[in-house]
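Work through the exercises below with the sequence and the model open side by side. Each task is followed by a solution in steps.

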Amino acid sequence: SAAQKRKRPDQEQFKHLPLRPPVVTIMGHVDHGKTRILDAIRQTHVMESEAGGITQHIGAYQVEIKGQKITFLDTPGHEAFTAMRARGARATDITILVVAADDGIMPQTLEAIDHARAAGVPIIVAVNKIDKPGANPDRVKQQLADQGLVVEEWGGDTIAVSTSAKDGTGIDELLENILLVAEIEDLHADPNTSATGVVIEAEMDKSRGAMTTVLVQNGTLKVGDIAVIGDVFGKVKAMFNDQNKQIRKAEPSTPVAILGLPAVPNVGDTLSVATNERQARLHISEKAGRKQATVNLFSLHDQIVSGKVKELNIVLKTDVQGSIEPIRASLEKLTTENLTVHIIHAGTGNVTENDVMLAIASNGLVIGFSTGIETGAQRLSDAENVDIRQYDII
């Protein structure tokens, strides 16, 4: 199965460790109901203790279903998802792709599919708004099949659940399927080591200072630990869970807001714990030295010859839809026994910041055919040394 193929090489050594809750990101086109689905899940399954209380917005929260926890990242779609990957953090175990039954697959839906695929994350589809008069779930399933996501009832291995966030239809079934996929993915972590994690949200709070939301991925983060995040470090003075309760420790797959950093880090920065300030400074200088080498066409030949690069990931942007297929075909023909060419995302319009992020995260490059480059994209590509090639002739 797809999950078996995707088994991470490091999973075998974790077999003896306790299971951890799955971390889920919800993606999809704007207005297809991502937020409404999250709200529906939250209303039915947020921890009992929160009765009447208001959930603090820390960019993530946990729900409990049949005694098992699921962590949802409430980050804005695939931009944040890919920003995390671009900085070397893999935060998500499962992606929920929300597609409106009355609207079908849209450009942002396609982008979300490509981003989830490039990350190798399993996709569960929520065919939402089935209560709407123009709803046509079969048309959505056909569009999904055209993208290579064949639903189970049609003989494929993509789980699709019909939902209506408005009246709560299918929400429980969606949650049960998340637990099912999590079981196949077999997610373990070690709560008895020092914490590692990733920043999912960060802001400067007027009264409390830098407020950093971290998803703990392994180990246990405790109040008093020296947290090293990006190029800053500080002692964890206080931690709050998604119900704004102060807690003393956070175990794997738990989202927490922490206080104590001297500055606001970036989304996607990784967290580690140091035993003292000297070690914290050492961590930061080591991280700076480990900046990953990006692929560009000048260095590509040498990297192929030396066997360092075996795949070339390309984000393709063209002026019109009709150009995509012939260009994709001619690029994929360049595959040799030493190098496989993958088009990880193809779309029309100018090269955007999001395209560059995907290239960074996948260690690839961007090719534009008769298109421009947005200013933000150019700035990011210069800063991160990502190759954007523009052509007018195939």
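The exercises go from confidence in the predicted model to its sheet, three single residues and two helices.

**Exercise 1. Confidence**

Task: Find where in the protein chain the confidence is lowest and where it is highest.

Solution.
Step 1. Start with the whole chain: its mean pLDDT is 86, and 86% of its residues reach 70 or more.
Step 2. Go down to the elements. Helix 1 (residues 2–6) has the lowest confidence, with a mean of 43, and strand 9 (residues 221–222) has the highest, at 98.
Step 3. Look at the stretch around the low end. Residues 1–9 have pLDDT below 50, and the model gives this stretch 16 contacts beyond near neighbours in sequence.
Step 4. Check for another such stretch. Over residues 47–55 the pLDDT stays under 50, with eleven contacts beyond four places in sequence.
Step 5. Apply the general rule: where pLDDT is low, predicted coordinates should not be read in detail.

**Exercise 2. The chain as a whole**

Task: State how many helices and strands the protein chain has, and what share of its residues is buried.

Solution.
Step 1. The protein chain holds eleven helices and 20 strands.
Step 2. Of its 394 residues, 52% are buried.
Step 3. Turn to the contacts with a separation of 6 or more: 71% of them join residues 24 or more positions apart.

**Exercise 3. An open sheet**

Task: Give the strand order of the six-stranded open sheet and explain why one side of strand 2 and of strand 6 has no neighbour in the sheet.

Solution.
Step 1. The order is 2-3-1-4-5-6, with mixed pairing.
Step 2. Strand 2 (60–65) and strand 6 (159–162) are at the edges and have a single partner strand each, so one side of each lacks a neighbour in the sheet.
Step 3. From one strand to the next, the twist averages 30 degrees.
Step 4. Take the pair at one end of the order. Strand 2 and strand 3 (residues 68–73) run antiparallel and are joined by six bridges. Within this pair, Ile65 stands opposite Gln68 of strand 3.
Step 5. Add the helix that lies across the sheet strands. Helix 4 (residues 107–118) crosses strand 1 (23–28), strand 4 (94–100) and strand 5 (123–128), at about 165 degrees to strand 4.

**Exercise 4. Three residues in strands**

Task: For Ala60, Thr71 and Val99, decide whether each is buried or exposed, and list what each touches.

Solution.
Step 1. Ala60 belongs to strand 2. Its relative accessible area is 3%, under the 20% cut-off, so Ala60 is buried.
Step 2. Not counting residues up to four places away in sequence, Ala60 touches Phe72, Leu73, Asp74, Ile200, Asp242 and Pro255. Ala60 and Phe72 are twelve residues apart along the chain, and their C-alpha atoms are 5.5 Å apart.
Step 3. Thr71, in strand 3, is buried, with a relative accessible area of 0%. The Thr71 side chain reaches the backbone oxygen of Ser253 at 2.6 Å.
Step 4. Beyond four places in sequence, the residues that Thr71 touches include Pro21, Pro22, Tyr61, Leu215, Ser253 and Pro255.
Step 5. Val99, in strand 4, is buried at 0% relative accessibility. Among its contacts beyond four places in sequence are His32, Thr109, Val125, Val127 and Val140.

**Exercise 5. Two helices with a buried side**

Task: Which residues of helix 5 and helix 11 are buried, and why do they lie on the same side of each helix?

Solution.
Step 1. In helix 5 (residues 137–146), the buried residues are Val140, Lys141, Gln143 and Leu144. They span an arc of only 160 degrees around the axis, and therefore lie on the same side of helix 5.
Step 2. Strand 4 and strand 5 are among the elements covering the buried residues of helix 5. Just after helix 5, Gly148 has a positive phi of about 85 degrees.
Step 3. In helix 11 (residues 375–384), Gly376, Ala377, Leu380 and Ser381 are buried. Their arc around the axis is only 130 degrees, which places them on the same side of helix 11.
Step 4. The cover over the buried residues of helix 11 includes helix 10 (353–361) and strand 20 (388–391).
Step 5. On the face of helix 11 turned away from its buried side are the exposed residues Thr375, Arg379, Asp382 and Ala383. Asn385, which follows helix 11, has a positive phi near 60 degrees.

Note on methods:
Residues are numbered from 1 along each chain as its sequence is written. This is a predicted model: local features need pLDDT of at least 70, side-chain atom pairs count only at pLDDT 80 or more; totals for chains, interfaces and linings use all residues. Side-chain values use heavy atoms; hydrogens and water are left out. pLDDT is the predictor's confidence in each residue, from 0 to 100. Helices (H or I, at least four residues) and strands (E, at least two) are DSSP runs, numbered from the N terminus. Contact means heavy atoms within 4.5 Å. Buried means under 20% relative accessible area, exposed over 50%, partly exposed in between (1.4 Å probe, protein chains only). The arc is that of the directions from the helix axis to the C-beta atoms. Two strands pair if DSSP finds at least two bridges between them. Axes are lines fitted to C-alpha atoms, for helices over the stretch in contact, and angles run from 0 to 180 degrees between N-to-C directions. A polar contact is a pair of N or O atoms within 3.5 Å; within protein, one must be able to donate a hydrogen and the other to accept it, and residues adjacent in sequence count only if both atoms are side-chain atoms.
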